[in-house]
Amino acid sequence: MDRKNKLFENTYRKYEKDLQKFIYTLTRKDQFAMEEIFQNTLEKAFRNLKYLRDDNKIKTWIFSIAKTEARRYYAANKVNDKYEIDELNEDITITVDNDDDFTEYVTDSILVSQIINSFSEGEQQIFMLHYYNDISFNEISEILNINYNTIRSIHIRGIAKMKKIYREKGRINENK
Amino acid sequence: MKINDFDNEEKLVKLIKDSRNENTGELDYFKDIKYIEYDYNKMVHHRIFLRYKSMSIVASIALIIIISSVLAILIANNTVSASMFNLEQSFIKLKNDVTGDNNGSLNVKGDSIIQEIKNIDDINKGVEFFPHLFTSDNIPERFIFQSLTITKTVGDIFNANYVYKDNKNQLLTICQQTIPGEGLSVSQVGITDEIKTKEGIIYLSENPFGDGGSSATYESQDYYIYVAGNIDKSEIIKMLDQY
């Protein structure tokens, strides 16, 4: 058990900020909720350390406990009742059409970060959970207690925004 | 191109992840995050402490159950009241230790058990402790409740003291005392009236010292109630008459 305690401590110290950022993303910048879920996650992980079968998966294991705790938090607090309404009320008119692959315009991956920074909070949250934390849309929908179609709509809207910006940059580059 | 086209989705994923891997700086999303410094060692020691604390709580709860069972048996068998009273004191001390509530309303002091009430809304606790507690709906409105202290000693002898104050800081005190088996000697200065009620007699001293203060003693079969303060005859009678 000492070996596992040591492993837990090393993992915790290495990933504590990543874990907090992950939970912060899950809670959509709710500092209070992040702190509560973070503490619950660590205590639960430490308490159940004896059940961890594969030491190499400890990081994934702790992050999955964080997801469960976030799910529990959302179910208990019903914080996202207004989420869907706020997001879908946003007045965006973007068409998604079948034309060339817009990613060929991309030569600057720094621009991706800037584009994500320009998204709405909901779009940022979905993008980061899906692309940076490898969480499927289904699971995002379950954790955040939001309709799956809403998650997909927000994602598609984000992609469309990204595509629009890249195409505009591409036209600017072509015209130079 | 469809947004969910597999090849382009894969490219998009790579693009976004590459942007993270390159030194692009923190995303704006995290600019307000406050990282918690969680004391890992405290968590470990807290878990060890909880393990031991839960054992001592279990032991204390077992003791409380045993004591309350013994008390119930003694009450049922009408055993010597001194033993019962000592057990009751032990019970209260133990309960306060387990709950950590040593400054709570019910405490043991010397050979007494004391119930303190600081809020009139908690008067029910007083009645629970002392079932025959004097209560009145006719306290003059100008007086604001300050405190009630109920003291219990061996043999179910109770003494209850109310303190009220008005907006001129004038006091009104009401004291209720159990009359023990051997009787109780009470003296009162300058009795001006004797008023018989359904349950007893009110001995009234109206302004005996010329300072506007009055007092009254009400004697029923089991209790003396003594009222003193800046209060007139009609107010005293109204307060005591309903008891």
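User: Is A:Asp134 buried or exposed?
Analyst: First, the ground rules: this is a predicted model, where local features need pLDDT of at least 70, side-chain atom pairs count only at pLDDT 80 or more, and totals for chains, interfaces and linings use all residues. Residues are numbered from 1 along each chain as its sequence is written, chains are lettered from A and ligands numbered from 1 in the order in which they are written, and side-chain values use heavy atoms, with hydrogens and water left out. Buried means under 20% relative accessible area, exposed over 50%, and partly exposed in between (1.4 Å probe, protein chains only). A:Asp134 has a relative accessible area of 56%, so the residue counts as exposed.

User: Where does A:Asp134 sit in the chain?
Analyst: Its backbone has a positive phi of about 55 degrees, although A:Asp134 is not a glycine. Helices (H or I, at least four residues) and strands (E, at least two) are DSSP runs, numbered from the N terminus. By that numbering, A:Asp134 is found in chain A, in the loop between α6 (121-132) and α7.

User: How many salt bridges are there over all chains?
Analyst: Side chains of opposite charge can pair when their charged atoms come close. The rule used here asks for a side-chain nitrogen of Lys or Arg within 4 Å of a carboxyl oxygen of Asp or Glu. Over all chains, the count of salt bridges is 14.

User: How many residues apart are A:Glu69 and A:Lys44?
Analyst: These two side chains form a salt bridge, N to O at 3.5 Å. A:Glu69 belongs to helix α3 (residues 58-77) of chain A and A:Lys44 to helix α2 (residues 31-47), distant parts of the chain that are linked across a separation of 25 residues.

User: Which of A:Glu69 and A:Lys44 is buried?
Analyst: A:Lys44 has a relative accessible area of 22%, so this one is partly exposed. At 8%, the buried residue is A:Glu69.

User: Which helix holds the partner of A:Lys67, A:Glu139?
Analyst: A:Lys67 and A:Glu139 make a salt bridge at 3.1 Å, N to O. A:Lys67 lies in helix α3 of chain A, so the pair ties together parts 72 residues apart in sequence, with A:Glu139 in helix α7 (residues 137-144).

User: What is the relative accessibility of A:Lys67?
Analyst: Its partner A:Glu139 is partly exposed, at 22%. A:Lys67 counts as buried, with a relative accessibility of 16%.

User: How accessible is B:Arg142?
Analyst: B:Arg142 pairs with B:Glu235 in a salt bridge whose closest N and O atoms are 2.7 Å apart. B:Glu235 is in helix α5 (residues 233-241) of chain B, and B:Arg142 is in the loop between α4 (123-129) and β3 (144-153), 93 residues away. B:Glu235 counts as buried at 18% relative accessibility, whereas B:Arg142 counts as partly exposed at 37%.

User: Which residues make up the salt-bridge network?
Analyst: The network arises where salt bridges share partners. Its members are A:Lys67, A:Arg71, A:Glu139 and A:Glu142.

User: At what angle do the axes of α1(A) and α3(A) cross?
Analyst: Axes are lines fitted to C-alpha atoms, for helices over the stretch in contact, and angles run from 0 to 180 degrees between N-to-C directions. The axes of helix α1 (residues 2-26) of chain A and α3(A) come within 10 Å, and the crossing angle is roughly 40 degrees.

User: What kinds of residue form the contact of α1(A) with α3(A)?
Analyst: Contact means heavy atoms within 4.5 Å, and the residues involved include A:Phe8, A:Tyr15 and A:Leu19 in α1(A) and A:Ile62, A:Phe63 and A:Tyr74 in α3(A). Ala, Val, Leu, Ile, Met, Phe, Trp, Tyr, Cys and Pro count as nonpolar, Asp, Glu, Lys and Arg as charged, and the others, Gly among them, as polar. The split is 13 nonpolar, one polar and three charged.

User: How many bridges join β4(B) and β5(B)?
Analyst: Two strands pair if DSSP finds at least two bridges between them. On one side, β3(B) and strand β4 (residues 157-165) are antiparallel over nine bridges. β4(B) also pairs in the antiparallel sense with strand β5 (residues 171-178) of chain B, and there the bridges number seven.

User: Which residue in the hairpin of β4(B) and β5(B) takes a positive phi?
Analyst: In the hairpin of β3(B) and β4(B), with three residues between the strands, a positive phi of about 85 degrees belongs to B:Gly155. The β4(B) and β5(B) hairpin has five residues between its strands, and the positive phi near 65 degrees is that of B:Asn169.
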